[in-house]
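Please look over the model below with its sequence beside it. The paragraphs that follow take up a pair of helices, and then the cysteines.

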Amino acid sequence: MNHQQKPQEGNLTNLKEFVLLGFSDVPDLQWVLFGLLIAMYCFILLGNGTIVLITKVDSALQTPMYFFLGNFSFLEICYVSITPPRMVFNLGTQRRTISFIACATQMCCILILGATECFLLAVMAYDRYVAICNPLHYPLVMNQKVCSQLVIGSWISGIPIQIGQTSHIFSLSFCGSNQINHFFCDIPPILHLACGDIFINETMVFLGAFLFVLFPFLLIVFSYSKIIFKVLKLSSTKSRAKAFSTCSSHLAVVILFFGSGMITYFRSNSSHSGETDKVLSLFYTVVTPMFNPMVYSLRNKDVTIALRKFLCKQFVKI
């Protein structure tokens, strides 16, 4: 991360609003993107909402693994409700302005829920580690109280730091353009508009990324390295296949979410490209929430069976 001092260009501006450029560089695709985003958003709500529902009502899914999965799906619903609705509104109305307060609120919510997702994915990896590597102690270690504490901790752990980081970023002076080359208020494009020395802010971003992204990722890597070592020692091919099957879905979500997130937040502000940031952001704000219900339903027999039972009951009632 390089120390970057931005020149004090022109008059400092007391901004009251920003302009989200979003996908204005592809005017011919505005209505295509509008329809695509609506379809994706509805799919995400339906898919993750279904997982939340069946993990609550199906008695066969009342285990720690599905308790975490239900919470994760609920988190995805919250997370995806921050950016796509605003993107759809901007595309439909062609009004791209967002107030200073709304921009700060949007960034803060994204950072808090992003931190929650990182920790919750680490918790889910730890759950699989205990289940596979210490199966006899699993009911004792992952009891209801511990599971609830892990989920609550994941939800609240990032709140004070991310509020502080957002406040620090929006207390900067901004000069020149108020146009954000992004489809939501993310840290890199906001810092790009700031004047003066942003070294402290870049350092805070780097430290925040280490704490909320890299640290949970390392815990996940540690958990899965132990799992792989344990599974490879199993004599039964069927047992190995079953163990890997329960972990593969989680790993797919981890790679997609953490990969795009780390590339975005571990680069210095000077090396950021607006177009690249938009593509990477789509992965962790839209693609991952959409990917989640597909991998957990299509690759998980328990979820598939529970979903069939639930749908059959609904048809019988009709």
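**Two helices and a disulfide**

In this predicted model, helix H4, which spans residues 100–133, and helix H7, which spans residues 159–169, have axes that come within 9 Å and cross at roughly 150°. Because angles over 145 degrees count as roughly antiparallel, H4 is roughly antiparallel to H7. The handedness of the crossing between H4 and H7 is right-handed.

Turning to the side of H4 that takes part in this contact, the residues are Ala104, Met107, Cys108, Leu111, Ile112 and Ala115, and they meet Ile159, Gln162, Ile163, Gln165, Thr166 and Ile169 of H7. Sorted by class, the residues in the contact of H4 with H7 comprise nine that are nonpolar and three that are polar, with no charged residues.

Helix H4 also has a part in the covalent cross-linking of the model, since cysteine 103 lies in H4. In general, a disulfide is a covalent bond that links the sulfur atoms of two cysteines. Here the count comes to one disulfide, and the bond joins cysteine 103 to cysteine 185, with an S to S distance of 2.0 Å. Whereas cysteine 103 belongs to helix H4, cysteine 185 sits in the loop between strand S6 (179–180) and helix H8 (187–193), so the pair ties together parts that are 82 residues apart in sequence. The torsion about the S-S bond of cysteine 103 and cysteine 185 is about -120°, and the disulfide is therefore left-handed.

How accessible, then, are the two partners, buried or exposed? Since buried means under 20% relative accessible area, cysteine 103, with a value of 0%, is buried, and cysteine 185, at 1% relative accessibility, counts as buried as well. Two further cysteines can be read against this cut-off: cysteine 133 has a relative accessible area of 15% and is buried, and cysteine 147, at 3% relative accessibility, also counts as buried.

A last residue to consider in helix H4 is threonine 105. With a relative accessible area of 42%, threonine 105 is partly exposed, because that class lies between the limit of 20% for buried and the limit of 50% for exposed. Threonine 105 can also be placed relative to isoleucine 82, from which it is separated by 23 residues in sequence and by 9.8 Å in space, C-alpha to C-alpha.

Conventions: Residues are numbered from 1 along each chain as its sequence is written. This is a predicted model: local features need pLDDT of at least 70, side-chain atom pairs count only at pLDDT 80 or more; totals for chains, interfaces and linings use all residues. Side-chain values use heavy atoms; hydrogens and water are left out. Axes are lines fitted to C-alpha atoms, for helices over the stretch in contact, and angles run from 0 to 180 degrees between N-to-C directions. Helices (H or I, at least four residues) and strands (E, at least two) are DSSP runs, numbered from the N terminus. Angles under 35 degrees count as roughly parallel, over 145 as roughly antiparallel, 65 to 115 as roughly perpendicular and the rest as oblique. A crossing is left-handed if the near helix is turned anticlockwise from the far one by less than a right angle, and right-handed if clockwise. Contact means heavy atoms within 4.5 Å. Ala, Val, Leu, Ile, Met, Phe, Trp, Tyr, Cys and Pro count as nonpolar, Asp, Glu, Lys and Arg as charged, and the others, Gly among them, as polar. A disulfide is a pair of cysteine sulfur atoms within 2.5 Å. Buried means under 20% relative accessible area, exposed over 50%, partly exposed in between (1.4 Å probe, protein chains only).
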